[in-house]
Amino acid sequence: MRDTFVTNLTRLAKDDESIFLVCGDLGFNVLEGFRDSFPKRFLNGGISEQNIAGLCSGLSREGYTVYFYSIGNFPTLRCMEQIRYDIAYHNENVNIVAVGGGYAYGSLGTSHHATEEIGMLRMIPNMMVTSPSDPTEVNDILEITSKNSCPSYMRLNRSGEEIIEYQNNFSLGDLHHAYKGSDTPKKAFLSNGAICFEIYKDLVEADAKADLFSLPVLKPLQKENIFNQLMKYDEIIIVEEHQLIGGLGSAIQEVMYDHFSSSNLNTLPKIHRIGIQDTFQSLAGSQDFLRDKAGLFNYRNYI
C-alpha cells in the first residue's frame, strides 16, 4: 500500500502542480522519487509532527493540495489538537497519510501502535477518514483526495499487500464487495485495512459460502446503501485492527440502529464485532503475533 501511494502520488503530481508532500523524517528509499522529481514541492519537516500539521495548513492556504506522511500514530495521535484546530476547523486541503496502521510496527512497541486514531479522527468535523484494504483502494482514494479539497486521513499498512479481486466498482463511502460466497449467503464479513486481505485469503482457501465486504471509507458513509445491503444477511462479522470503541464496528452499528429505529422493520441481522479490547498491548512482536494476542484471528471461528 505504501509503495502504491508514493508511486501514484508522483504520477498525479506530474499533471497537478498543486500537490505538495511533507514527511516527518522518514520515507528513505521510498519517497526519493517524488523528492527528486518535484524538489520544490517536497519537504522533510523532521521529527516535529505537531509543527508539520500547522505548516501543512499554511501550505493549503497558499493553494496547495498537501499530503502529510508519517508513521501511524505520529501524524495522528501526537498532533490531534493541531489536526482539529489548524486543519479541520478551517477545512484545509490537507491529507494525512499514516503508514503502519494497527500493529504494522508491532516490533517497536506500544509507542508505534496506531490502534485508536480512526475513532478519534472520525469524530472531528470535516474529516474524511479512510482505511483501504489493498493497493487498488489506495489508488481509488488517492484519486478522490487529490481532487477533493476537504481534509482527509488515509491509514496504510507498510508494504507487500496483494490485490483483492473485487466484485463491484469502488464507490466513496459504500461497501466494496471483496468475496462472493454463494448466490444466497446468510453471513457476511465486513472489514478494512490490511487485515481485510487476511480474511479474503481464508475465505478463498476455505471456499466459504459467506460474503466479504471492505469499507475503505469510514466517513462520509452512504448510510442507506450500507443498511440495505447488510439487511440481506442474517449474520454480520465485523473485523478491525483497531479498538472496538469508535472504529469500523461502531460506525456500522450506528448506521444499522439509526436506520432501524426509523423503519417499520422488526429485526436486524446479528452483529459480531472482533477488534482490540479496551487495553494496550505491552508486548512487542510481529504484526501477526500481536493480532493473535489481541484475538483478531477469532474471525476464523465464523468461517
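**Exercise 1. Determine which residues have the most contacts inside the largest nonpolar core, and which helix gives the most to this core.**

Solution. The largest nonpolar core comprises 41 residues, and those with the most contacts inside it are Met127 and Ile252. Such a core is a set of buried Ala, Val, Leu, Ile, Met, Phe, Trp, Tyr and Cys residues joined through side-chain atoms within 4.5 Å, where buried means under 20% relative accessible area with a 1.4 Å probe, protein chains only. Helix 9 gives the most to this core, with five residues. Setting aside residues up to four places away in sequence, Ile252 touches Leu190, Leu215, Ile226, Leu230 and Ile238, a contact being heavy atoms within 4.5 Å. Another core, of 32 residues, lies apart from the largest one, and Leu12, Phe74, Leu156 and Val217 are among its members.

The model is predicted, so that local features need pLDDT of at least 70 and side-chain atom pairs count only at pLDDT 80 or more, whereas totals for chains, interfaces and linings use all residues. Residues are numbered from 1 along each chain as its sequence is written, and side-chain values use heavy atoms, with hydrogens and water left out.

**Exercise 2. Establish the strand order of the open five-stranded sheet, and explain why one side of strand 7 and of strand 12 is left without a neighbour.**

Solution. The order of the five strands is 7-9-8-11-12, with mixed pairing; strands are DSSP runs of E with at least two residues, helices are runs of H or I with at least four, and both are numbered from the N terminus. Strand 7 (176-179) and strand 12 (270-276) stand at the edges and each has a single partner strand, which is why one side of each lacks a neighbour in the sheet. From one strand to the next, the twist averages 25°. Strand 7 pairs with strand 9 (residues 211-214) in the antiparallel sense over three bridges, pairing being assigned if DSSP finds at least two bridges. In this pair, His177 stands opposite Phe213 of strand 9.

**Exercise 3. Locate helix 9 relative to the strands that it lies across.**

Solution. Helix 9 (residues 248-261) lies across strand 8 (187-191), strand 11 (235-243) and strand 12, and runs at about 140° to strand 11. The axes are lines fitted to C-alpha atoms, for helices over the stretch in contact, and angles run from 0 to 180 degrees between N-to-C directions.

**Exercise 4. State how many helices and strands the protein chain has, and what share of its residues is buried.**

Solution. The protein chain contains ten helices and twelve strands, and 58% of its 303 residues count as buried.

Notes. Buried < 20%, exposed > 50% of the residue type's maximum accessible area, 1.4 Å probe, protein only.
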